[in-house]
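Colleague: I am new to this structure, so please take me closely through one strand and its partner, and then show me which other parts deserve a careful look.

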Amino acid sequence: IRYSIPEELTRGAFVGNIAKDLGTDVAKLAAANLQVLSDSDSQYFSVNVNTGIIMVSERIDREQLCGQNPRCFLHLKLAIENPVEFYRIEVEILDINDNPPEFPNEEVSLRIYELASLGARFPIQPAQDPDVGTNTLQTYHLSANENFNLNVKARTDGGKFPELVLERALDREFRAFHYLILTAEDGGSPPKSSKIRITIQVLDANDNHPVFDKPSYGARLVENSPLGTLVVKLNATDVDEGPNGDIRYALSSHNSAALRQIFAIDEQTGEIRVQGNLDFEEATVYEIEVEAKDMGSPTMEEHCSVVVEITDVNDNAPEVILTSFSSSLSEDAPPGTVVAVIHVRDRDSGEQGKVQCHVSPDLPFQLRKDYEHQYSLLTSTRLDREHVAYYNVTVSASDLGSPPLSRHTILPISLADVNDNAPQFEQASYEVLVAENNPVGSVLVTVSAADPDSEQNSRLSYSILRAGGTDPGLDPTRYLSIHPTSGQVSAKLPFDYEQTTYLQFHVEVSDGGFPALRNRTLVHIFIVDQNDNAPQVHFPRAGEDSATQLRISPSITPSALITKVVAIDADSGRNAWLSYHVVEATEPGLFSVALRSGEIRITRALQETDASAHELLVVVRDAGEPPLSTAVTLVVLVEEKGPEALQGSEAGTTDGGGLPTITLYLIVSLVLISTVSLVGLAVLGMRCL
């Protein structure tokens, strides 16, 4: 089904009657659930199911929907149920003259050279009319004038372009501007139109050259003027008008590339400004060639020169140049030794170019001025690497400008070591307690020394020397060895307190310098006794696995001294403190032994029932830890007095008479040894504390 309606109908406008065009009763359409579907995003139409009439539901703009297409259609789908059927509806949108022709601008300006040839054409932007057919743009009209006619140029696509054609020569001096009205009209009924105003400016011919108001210009600037500083503003005039009198300024091609990087000119205003670095030390005067050109054709130009004088400022810090420099200096260098030769300079002129140098007075260095621009850095005092090994000497150079500029140069100077320090032990002497029977190779003591020198001069070596005043036969190297680099003193042999109780020696340390420096320390080694000797019985004497026989009278009185066991222990102190014990006896309780003296006495009178021979096992034990002991067996025979018995008694009396003296000697020796040992240990303990 096809319908045709004009665009821009109001909402609710009638389009067509579906029920009538389909030949169907309206009631059946309503019962068939009639639906209208549009192919476009907008729902331009609606259907009244009660009447079957299609109506406009939204504004329809043909130019918006179809543009310049000559025909414009909207497509609908009609769906009904029971049975299901589809119908296609096409609605053609007809154009109406609702758009006038429109120019892109309300006014257009043309610039035409006054010597333009006759017949010259000047196109004008055409008007646009979105309508189609006869409603679109049809023709142009030009207002009356003396110099221009209108020509309308038609294209194959139907477009029409207006052109102005010069029919009569222009004269700028007679009339500089022409004002025309161009009208565009469509073919609608009634027709619609729009107008554009055309302003024509007659351009002057270039018959005058620019003229500067001065033949040359001068300026003065300080160096390092900031970028953009105005140097001078040029002024040139041209009596022509338009481009012929429009002047552009530029730097002449005669100027060097370096000058073009320093100065720039504004082509419109003629202002010359700084765009690079102005350095008095590079150039004191700049001469700039400038040209002024008009925009006519052909171009006419004029030249002038600008002389710029540069004034010096203090903008260069002094430069410090090392002519000679030794970064390493021996610490024994005498005062006045030359370390560096320094050359200074300043690129500024006058007082601003004069330089003074100095170093910190806190350093052992000083500057000597050799001549105007040269200084020598000298040592001022003696140096000590062990006190300060490295110096950063700051040489400060300042000019006499206002304000003054300065530059600081750091000279790193390291001191080379000389062997001027002997090694020093941590202790003046060492005291060591060593238990006897020590294992071979055990470290007894570690001596340590330090040398503040460096490298080879601080590499130490240790050795053992015999101490003065010691026993010549007691060589310490027989018992001891020392590691040459670590200083560890080790035992080569185990010590025996019973042979040696004290050892004294020197340890010498020498560095690796040339000549080598040495030092000594004294080492005292005290041997501590260990319980390594069992008591030895000296009286009564008996062979191995044999007993000693003694004879006594049956009438011997109680508490009578029978004999005395005498034993000696090679150890000292508690290890030599002996005690005597009867551990076995034929008749227990008949005999007793004194705990400390070893005297054996009978405790009661003998009876007839007692045996004639008694065997005693006496054990001698020291007080060491663990204790060591020795046993002796005594056989006591009971016999009547007779010649042999008397002799035995006399012998016993004689022996017994000698026992008190031996006992006294043993007791005195034991007391002296114990006293000396205790005093020695007390003194050693006090020194250690």
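Modeller: Two strands are said to pair if DSSP finds at least two bridges between them, and what follows concerns a predicted model. Strand β1, which spans residues 2–6, is joined by five bridges to strand β7 (residues 85–94), and the two run parallel. Within this pairing, Ile5 stands opposite Ile93 of β7. In a regular strand the side chains alternate between the two faces of the sheet. In β1, Tyr3 and Ile5 make up the covered face, whereas Arg2, Ser4 and Pro6 make up the uncovered one.

Turning from this strand to the interior, the largest nonpolar core has 27 residues, and those with the most contacts inside it are Leu234, Phe263 and Ile272. Among the elements that each supply at least two residues of this core are α4 (257–262), β20 (263–265), β22 (285–294) and β23 (301–311). Setting aside its neighbours within four places in sequence, Phe263 is in contact with ten residues' worth of surroundings that include Val231, Leu251, Ile272, Tyr286, Ile288 and Val308. Another core, of 26 residues, lies apart from this one, with Val445, Ala449, Ile464 and Leu480 among its members.

There remains the largest pocket, which holds about 690 Å³ of space. Of the 25 residues that line this pocket, Tyr497, Ser572, Ser677, Leu678 and Leu681 are the closest to its centre. Helix α6 (643–688) and strand β40 (518–528) are the elements that give two or more residues to the lining, and α6 provides the largest share, 12 residues. By class, the lining has 15 nonpolar, seven polar and three charged residues.

Note on methods
Residues numbered from 1 in each chain as written. Predicted model: local features only at pLDDT ≥ 70, side-chain atom pairs only at ≥ 80, totals over all residues. Heavy atoms only, no water. Core = buried A, V, L, I, M, F, W, Y, C linked by side-chain atoms within 4.5 Å. Buried < 20%, exposed > 50% of the residue type's maximum accessible area, 1.4 Å probe, protein only. Helix = DSSP H or I, 4+ residues; strand = E, 2+ residues; numbered from the N terminus. Contact = heavy atoms within 4.5 Å. 1 Å grid on protein atoms, 1.4 Å probe; cavity = no way out; pocket = protein on both sides within 12 Å on 5 of 7 lines; lining within 4 Å. Points joined across faces, edges and corners; volume = space filled by probe spheres on them. Nonpolar A, V, L, I, M, F, W, Y, C, P; charged D, E, K, R; others polar.
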